[in-house]
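This briefing addresses strand pairing and backbone geometry in the model shown below. Please keep the sequence and the structure in view while reading.

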Amino acid sequence: MSYKIVIAEDHLLIAKAIANIINGFRNYEVMYEIGNGKALIDAWKDPRKIPDILLLDISMPVMDGYEFISEVRKKN
């Protein structure tokens with residue numbers, strides 16, 4: 001089984017570094033990196049973009065990690 005991962009991190013270099021590390025492991029693949037919770041909510045309107053694992057930064061602009069979790073709980 002392969003695990004799909006999304007990284008929600010507003011610092012692009014950190015997101016890319018984490019993605020490079022994860023992609024080096026067998027059975028793990030970073031689907032995409034995204035910069036804030038609002039963009040992640042929008043991306044998840046497409047069920048094909050929902051990962052098995054989410055690495056979520058708590059402190060992000062527009063919508064932080066806490067707000068994102070709150071929104072997801074309301075909708076699901």
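Helices (H or I, at least four residues) and strands (E, at least two) are DSSP runs, numbered from the N terminus. The model is predicted. In it, asparagine 27 lies in the loop that links helix H1 (12–23) to strand S2 (28–34). The points below treat the strands and then two loop residues with positive phi.

**Strand pairing**

- Strand S1 (residues 3–8) and S2 run parallel and are joined by six bridges.
- Between these two strands the chain passes from S1 through H1 to S2, forming a right-handed β-α-β crossover.
- S1 also pairs with S3 in the parallel sense, over four bridges.
- Alanine 8 has bridge partners in both neighbouring strands: isoleucine 34 in S2 and leucine 56 in S3.

**Positive phi in loops**

- Most residues other than glycine have a negative phi.
- Asparagine 27 has a positive phi, near 75°, and is a residue other than glycine.
- Asparagine 27 counts as partly exposed because its relative accessibility is 38%, and partly exposed covers values between the 20% and 50% cut-offs.
- Valine 62, likewise not a glycine, has a positive phi of about 70°.
- The position of valine 62 is in the loop between strand S3 (53–56) and helix H3 (65–75).
- Valine 62 has 66% relative accessibility and therefore counts as exposed, a class that requires over 50%.

Definitions and conventions. Residues are numbered from 1 along each chain as its sequence is written. This is a predicted model: local features need pLDDT of at least 70, side-chain atom pairs count only at pLDDT 80 or more; totals for chains, interfaces and linings use all residues. Side-chain values use heavy atoms; hydrogens and water are left out. Buried means under 20% relative accessible area, exposed over 50%, partly exposed in between (1.4 Å probe, protein chains only). Two strands pair if DSSP finds at least two bridges between them. A crossover is right-handed if, with the strands pointing away from the viewer, the path from the first strand over the helix to the second runs clockwise.
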